[in-house]
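Got the viewer open? Keep the selection box handy and follow along, one stop at a time.

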Amino acid sequence: GALDLHKGLGQLALNKAGLLAEFQALSRPEGQAMRILDTDGTVLRDWRPGPDDRANPEIDRGQLRDLLLGPLDVRWGRGVTEVVPGTPGGTLVRFADGRQETFDLVVGADGAWSRVRPAVSPATPHYTGVTAIETSLDDVDTRHPDLARLVGDGSVAVYGVNRSLVAQRNSGGHVKVYVQTRAPLDWHTNLDPADVEAVRSTLLALFDGWTAPVLDLLRHGTAFIPRPLHVLPVSHTWDHVPGVTLLGDAAHLMPPLGAGANLAMLEGAELAESVAAASGDLDEVVRAFEDQMWERAGRWAKITTAGLERLVSQDPTQALALFDEVQPS
């Protein structure tokens, strides 16, 4: 999928890394556009960015990943099984291949199901009550020109009672389509993702009565991937543990409403700057970083948690009202 990098968050991190110009060459400011339809196809909102609007340009995750990796030396295939702080040589990291190493500081930037988090916190992600199912369309401008026009340069969204359907343009004529529905965690377990037609039929029934062009986004989907949405507690913090810290989703997993990657990138940049500039106690530098991270992430967690409640709710007008608050006409 694509990510929108905010001017004061992800873009700031890229600027600190000397990568902002390369990002700007790859990103799509036009991807900020958002069209909202009623379930009968009526256009409720059709917002398009101005020619110089670069507040939240979109970039494909793969492109961003390659940009950030650049010349870095990454040890691929070194899965972590356990992190043990306070050993004589520092913080011990045990790897899946049986090897182990000690480090002065271990930074758990390893996502929702972090293997580092248990070293500092007993918290585990909990289910939000919303499951997303993802599909995609390729070469949409040639193969599905009507749907290409429907999606436009950015995204198109339709909100119903306790469900939504959003399609987002990526680069190269690729479109990601996301169904979101309020349902029990095991709702999708009787669906075999390998049986594409059975999943398609179930989703089409879920949106029965919605306008045909919107349902065509599902009819032409190539595969369907269930993604139950999990989060950490809104104000997740921990008692500081020397030699270990967390950032990004490992520290503050929240609903996927455009904040997670931005926060992770800026936190990585800020921690790196602080460590590089440290002339004294590294532990004090990490403590200060954690305090700053918790305050900012807590604000965003409240915003995104409330946002998910409004975007997938009994009252679809809440989603429209949220858009008007975030992106006034």
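## Stop 1: H240 and its surroundings

Select H240: this residue is buried, with a relative accessible area of 16% (buried means under 20% relative accessible area, exposed over 50%, partly exposed in between, with a 1.4 Å probe and protein chains only). Before going further, note that this is a predicted model, in which local features need pLDDT of at least 70 and side-chain atom pairs count only at pLDDT 80 or more, while totals for chains, interfaces and linings use all residues. Residues are numbered from 1 along each chain as its sequence is written, and side-chain values use heavy atoms, with hydrogens and water left out.

H240 sits in the loop between β13 and β14. Strands are DSSP runs of E with at least two residues, helices are runs of H or I with at least four, and both are numbered from the N terminus. Now show what H240 touches: leaving aside neighbours within four places in sequence, H240 is in contact with D283, V286, R287 and E290 (contact means heavy atoms within 4.5 Å). Draw a distance from H240 to D283 and you should get 9.2 Å between the C-alpha atoms, for two residues 43 apart along the chain.

## Stop 2: the aromatic pairs

Stay in that loop and pick W238. What ring does W238 pair with, and at what angle? The partner is W294: the ring centres are 5.1 Å apart and the planes are at 85 degrees, so the pair is edge-to-face. Rings of Phe, Tyr and Trp (its six-membered ring) pair if their centres lie within 6.5 Å; planes under 30 degrees apart count as stacked, over 60 as edge-to-face and the rest as tilted. This pair links distant parts of the chain, with W238 in the loop between β13 (225-231) and β14 (244-246) and W294 in helix α10 (residues 282-311), 56 residues apart. W238 is buried, at 7% relative accessible area.

The structure holds 2 aromatic pairs. For the F207 and W210 pair, the ring centres are 4.6 Å apart with planes at 75 degrees, so this is edge-to-face too. Both F207 and W210 are buried.

While rings are on screen, add R78 and F95: R78 lies over the face of F95, 4.0 Å from the ring centre. The rule for a charge over a ring is NZ of Lys or CZ of Arg within 6 Å of the ring centre and within 35 degrees of the ring normal.

## Stop 3: T91

T91 is in strand β6 (residues 90-95). Buried or exposed? T91 is buried, with a relative accessible area of 1%. Set aside neighbours within four places in sequence and the contacts of T91 include V83, V84, P85, F103, P242 and V244. The C-alpha atoms of T91 and P242 are separated by 8.5 Å, although their positions lie 151 residues apart along the chain.

## Stop 4: H144, D139 and N162

H144 is in the loop between α4 (140-143) and α5 (145-151), and is buried at 14% relative accessible area. Beyond four places in sequence, H144 is in contact with L137, D138, D139 and H220.

Move on to D139, in the loop between β9 (126-137) and α4. D139 is not a glycine, yet has a positive phi of about 50 degrees. Most residues other than glycine have a negative phi. D139 is partly exposed, with a relative accessible area of 37%.

N162 is another non-glycine with a positive phi, of about 60 degrees. Look for N162 in the loop between β10 (155-160) and β11 (163-169), where N162 is buried at 17%.

## Stop 5: empty space

Rolling a probe the size of a water molecule over the atoms shows where empty space is left. On a 1 Å grid over the protein atoms alone, a cavity is a set of points where a 1.4 Å probe fits but cannot get out, and a pocket is an open set with protein on both sides within 12 Å along at least five of seven lines; lining residues have an atom within 4 Å of a point. Grid points are joined across faces, edges and corners, and a volume is the space filled by probe spheres set on the points.

The count is 1 cavity of 30 Å³ or more. The largest cavity holds about 50 Å³ of space; to see its lining, select I133, H188, L191, D192, P193, V199, F224 and P226.

Finish at the second largest pocket, with a volume of about 150 Å³. Of its 13 lining residues, A33, R35, R48, G152 and D153 are the closest to its centre. β2 (34-37) and β3 (43-47) each supply at least two residues of that lining.
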